[in-house]
Amino acid sequence: MSAQIPEVRSTDELRQKWMEPEVITGSEILLRSLLLEGVECVFGYPGGAVLYIYDAMYGFKDFKHVLTRHEQGAIHAADGYARASGKVGVCIATSGPGATNLVTGIATAFMDSVPLVVITGNVVSSLIGTDAFQEADITGITMPITKHSYLVRDVEELPRIIHEAFHIANTGRKGPVLIDIPKDISAAQTLFVPQTGPVTMRGYNPTVLPNKIQLDKLTQAISEAERPFILAGGGVVYSGGHEALYEFVRKTEIPITTTLLGLGAFPSGHELWTGMPGMHGTYTSNQAIQQSDLLICIGARFDDRVTGKLDGFAPQAKIVHIDIDPAEIGKNVATDIPIVGDVKAVLELLNQDVKRTDRADAWRAQIQRWKNEKPYSYKDSDAVLKPQWVIELLDETTKGGAIVTTDVGQHQMWAAQYYKFNQPRSWVTSGGLGTMGFGFPSAIGAQVANPDRLVISINGDGGMQMCSQELAICAINNIPVKIVIINNQVLGMVRQWQELIYNNRYSHIDLAGSPDFVKLAEAYGVKGLRATNKEEARRAWQEALDTPGPVVVEFVVSREENVYPMVTQGSTIDQMLMGDE
Amino acid sequence: MTTKNTIAVLVNDHPGVLQRVSGLFGRRGFNIESITVGQSEEVGLSRMVIVTVGDENNLEQIEKQLYKLVDVIKVIDLSSKPMVARELAMIKVKAEPPQRPEIMGVVETFRAAVIDVGTTSLIVQVIGDTEKIDAMIELLKPYGIRELTRTGVTAMVRGNA
């Protein structure tokens, strides 16, 4: 089922040839520099201000270019590529509307610390500031949502800027970096001298190695704790620290929860894993946080969806916060032991000293009791498809081995709850920004990064319609994503809030008028299947798995189903609505 | 406890840096009471002096968030150290000839200076800490202030530090 995206032609020999110093245009410098940074694929959409760049790409086969149908599709695909591979995602758009169409995707990547290099064209330098055709101040617009940005003013700066941009995007706390290239810069010629050496920037030196005194304090705290608990987040995945985390838990036997973005950072089948915490987290994780006497937060940022009401969060716990971004420490929750450093490096150092905490045996037993008494549950039905059952079907048939991307809403929470992730970078979801329209295009990127793995994109009927035009990309490139639509004919999460918080006043949530998703798929040349009961569901899903190319499978599910447990806003996380069960 | 804090920020002298810094304050809900920018002792670097009002946590977050900006080289909390802070104000005050001697008296007491004389007005220049300038303005108010401009505070740590 390997994706048939045009093969990358880059060889060492070719790279050698490209990297000879030579007088070339800014556009060619861009392409060669990207190649030098190890880029395999860019997602993009041409337009007036990037025509020199696209002209240089004519016949260029050293990396792939995937032409999406909307710039939003391009940047979410680049994001999915980065999350699923750990490499920097790259996308290109033209000036003005092309660039502003990227804004949602840049903000999405920024909130979730995803490394992207975003290249936009701009009008020629002499027209900047004149409200020229298709001009927008994209560096200004995106300043609050990028890690850093560049407006290139001289073609000679281009090699350095690109090299710096990749360095900034993928080190420290990762994030999107924007490079805005005026049209005359992409046309101008200069002697290209390849940049490959280490980057030195006075204002940018992320702390990788932690302070030893703080580490010793943590080791001491662990040995004294009676109710220790680990809260691990996306930072574990991004630092490649999952093995060190596993070792840390193996040695200390401290129970562990992983946040939404941390799913897969720790094997879900492990007896010390308690499921996701927070608004739709497990009873066990939330009770454990609230009753712990030592809460070790690793590569997570105490998002309000995790903490609930801050005043009253983990009231008995000594708080330890391990993060590469010093600004996260103390931002939301006062910290007793702050540890600034790369999660992997910190855990590897800790693992040299830590031991099992025998004092916590009663606590471990308590956690097992909670796990047994209050697992996720739902009332199954044979009359109507339950969305949770559909996720369980996907999990069973793929043995938790797929890369799963989701959109945002109820289906996202059910996927997080009922799909069992056992390895990092198998879960691609918009956590911080909660971006509808992210799920499907991000799967395209994840599949490009992993041509031989099964990629499932789980969407709601709402979010699917925010980027459904990218079905064309799957069809023409034979990108074999299995596109699942959990169709409840309604904006489900909004419906849930309106039911529970707004007294059943269902305001503007009915998605009547949605297309026939099977026909929509077929219109793009993608196979479409629909299931309305369990038997159809099993059959359709098996057919999707057996089909080599992309497939859309629509599961028509119960409209009224809610996501439980739920912590409503303003409550502490142990005050949970458990639903009917 | 809310206090007034003075921070010096050494930044790359790149276009857009002021926007990055002030944008950060706006986005994070930090208050800027005054901000001054100019060249520093090193070519290619500018120094900003920002006066902000907030509690200790605010100040800590401001420092940490500033350090996240790639163009920020160094952040110094001046108000935690012995510092000298100065501001310049120009005050165009209504001054018919009979009032002038009185106004000159105020100016001399404050060791300020008259830097322009019009037929019915004077421009007074005053340099000092914020309190001194506030006091000067209070005293000149009764005569009628036509126009007022202040530079905001610039500051330095005392001694050799």
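This passage describes the annotated regions, the nonpolar cores, the sheets and a number of individual residues of a predicted model.

Two stretches of chain A carry domain annotations in an unreviewed UniProt entry. The annotation "domain: Thiamine pyrophosphate enzyme N-terminal TPP-binding" is placed by that entry on residues 25-139 of chain A. Over these residues the chain is 41% helix and 18% strand, and the C-alpha atoms at the two ends lie 23 Å apart. Helix α2 of chain A, which spans residues 26-36, contains S33(A). This serine has a relative accessibility of 4% and therefore counts as buried, the limit being under 20%. Apart from its neighbours within four places in sequence, S33(A) is in contact with P159(A), I162(A) and F192(A).

The annotation "domain: Thiamine pyrophosphate enzyme central", again from an unreviewed UniProt entry, covers residues 215-349 of chain A. Here the chain is 35% helix and 17% strand, and the end C-alpha atoms are 8 Å apart. Q220(A) belongs to helix α10 of chain A, made up of residues 212-224, and with a relative accessible area of 44% this glutamine is partly exposed. Although Q220(A) and V354(A) are 134 residues apart in sequence, their C-alpha atoms are 8.7 Å apart in space.

Helix α13 of chain A, residues 283-291, is mostly covered, with eight of its nine residues buried. The buried residues are Y283(A), T284(A), S285(A), N286(A), Q287(A), A288(A), I289(A) and Q290(A). They pack against three strands of chain A, namely β9 (228-232), β10 (256-258) and β11 (294-298), and against helix α16 (361-373) of that chain. At Y283(A), the charged end of K374(A) sits over the ring, 4.1 Å from the ring centre.

Strand β13 of chain A, residues 337-340, has side chains that alternate between two faces: I337(A) and I339(A) point to one face and are buried, whereas P338(A) and V340(A) point to the other and are not buried. This strand pairs in the parallel sense with β12 of chain A, residues 318-323, over four bridges. Within that pairing, I322(A) has I339(A) of β13(A) as its bridge partner.

I322(A) also appears in the largest nonpolar core, which has 116 residues and in which F43(A), I296(A), I298(A), I322(A) and F555(A) have the most contacts. Helix α4 of chain A, residues 71-85, gives the most to this core, contributing seven residues. A second, separate core consists of 43 residues, among them L36(A), F63(A), I92(A) and V117(A). For F555(A), once neighbours within four places in sequence are set aside, the residues in contact are L385(A), V390(A), L393(A), V484(A), I485(A), I486(A), N487(A), A531(A), A537(A) and W541(A).

An open sheet of chain A is formed by six strands in the order β15-β14-β16-β17-β19-β18, and its pairing is parallel. Strands β15 (427-428) and β18 (527-531) of chain A stand at the edges with a single partner strand each, so that one side of each has no neighbour in the sheet. Strands of a sheet pair through backbone hydrogen bonds, in either a parallel or an antiparallel sense. The parallel pairing of β15(A) with β14 of chain A, residues 403-406, extends over two bridges, and V428(A) in β15(A) is the bridge partner of T405(A).

Strand β17 of chain A, residues 482-487, has six of its six residues buried and is therefore largely enclosed by the rest of the structure. K482(A), V484(A) and I486(A) point one way from this strand, while I483(A), I485(A) and N487(A) point the other way, and all of them are buried. Strand β16 of chain A, residues 455-460, pairs with β17(A) in the parallel sense over five bridges, and S457(A) stands opposite I483(A) there. Six bridges join β17(A) to β19 of chain A, residues 551-556, in a parallel arrangement, with K482(A) standing opposite V551(A) in β19(A).

Aromatic rings form ten pairs over all chains. One of these is the edge-to-face pair of F25(B) and F30(B), whose rings are 6.0 Å apart from centre to centre, with 80° between their planes. Both F25(B) and F30(B) are buried. In chain A, one aromatic cluster is made up of Y376(A), Y378(A) and Y418(A).

Conventions
Residues numbered from 1 in each chain as written. Chains lettered and ligands numbered in written order. Predicted model: local features only at pLDDT ≥ 70, side-chain atom pairs only at ≥ 80, totals over all residues. Heavy atoms only, no water. UniProt positions renumbered as here; feature names shortened; annotations may be inferred. Core = buried A, V, L, I, M, F, W, Y, C linked by side-chain atoms within 4.5 Å. Buried < 20%, exposed > 50% of the residue type's maximum accessible area, 1.4 Å probe, protein only. Contact = heavy atoms within 4.5 Å. Phe/Tyr/Trp six-rings, centres within 6.5 Å; stacked < 30°, edge-to-face > 60°. Lys NZ or Arg CZ within 6 Å of the ring centre and 35° of its normal. Pairing = 2+ DSSP bridges.
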